[in-house]
Amino acid sequence: MTAAALFPTAPQPLSKTPLPAGRPRAWYETHNRRLKAMRLAIALLDTGVYHPSQAPNRRIRSTAERIGIHPPSDTTCRMVRALIRYGR
């Protein structure tokens, strides 16, 4: 089944809501890092990477470039592998 058969019109992205104010800066950095790791893990799973050993930093960074986000740090790469590991 194609996406056109499932959706009569193209799906629209969700509207973004502002993050809550008054949190420490570290909270926002961690929150955004988790979101980035989740986007990367989903992209890797879509390409057939199902084990953390199949996702070295180089592959994660090339996936980030392919989907149009900034290259992740080593910490974010570790989070991506953890999401792949615990998602099984």
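This passage walks through a surface patch, a threonine and an aromatic pair in a predicted model.

A good place to start is the outside of the protein. Here, Leu35, Met38, Ile42 and Leu83 together form a nonpolar surface patch of about 340 Å². Helix α2, which spans residues 25–46, supplies the largest share of this patch, with three residues. Leucine 83, also one of the patch residues, belongs to helix α4, residues 74–86. The relative accessible area of leucine 83 is 40%, so this residue is classed as partly exposed.

Attention now turns to threonine 63, which sits in helix α3, the run of residues 57–67. With a relative accessibility of 3%, threonine 63 counts as buried, because buried means under 20% relative accessible area. The side chain of threonine 63 comes to 2.8 Å from the backbone oxygen of arginine 59. Once the neighbours within four places in sequence are set aside, the contacts of threonine 63 are Leu40, Ala43 and Leu44.

Finally, the aromatic rings deserve a look. Across the whole structure, the search turns up one aromatic pair. The partners are tryptophan 27 and tyrosine 28, whose ring centres lie 5.1 Å apart; their planes stand at 90°, so the pair is edge-to-face. Tryptophan 27 itself has a relative accessible area of 30% and is therefore partly exposed, as this class lies between the 20% limit for buried and the 50% limit for exposed.

Terms used
Residues numbered from 1 in each chain as written. Predicted model: local features only at pLDDT ≥ 70, side-chain atom pairs only at ≥ 80, totals over all residues. Heavy atoms only, no water. Patch = residues over 30% accessible without salt bridge, like charges linked within 9 Å, V, L, I, M, F, W, Y side chains within 5 Å. Areas by Shrake-Rupley, 256 points an atom, 1.4 Å probe, with all protein chains shown as cover. Salt bridge = Lys/Arg side-chain N within 4 Å of Asp/Glu carboxyl O. Helix = DSSP H or I, 4+ residues; strand = E, 2+ residues; numbered from the N terminus. Buried < 20%, exposed > 50% of the residue type's maximum accessible area, 1.4 Å probe, protein only. Polar contact = N/O pair within 3.5 Å; in protein donor to acceptor, adjacent residues only side chain to side chain. Contact = heavy atoms within 4.5 Å. Phe/Tyr/Trp six-rings, centres within 6.5 Å; stacked < 30°, edge-to-face > 60°.
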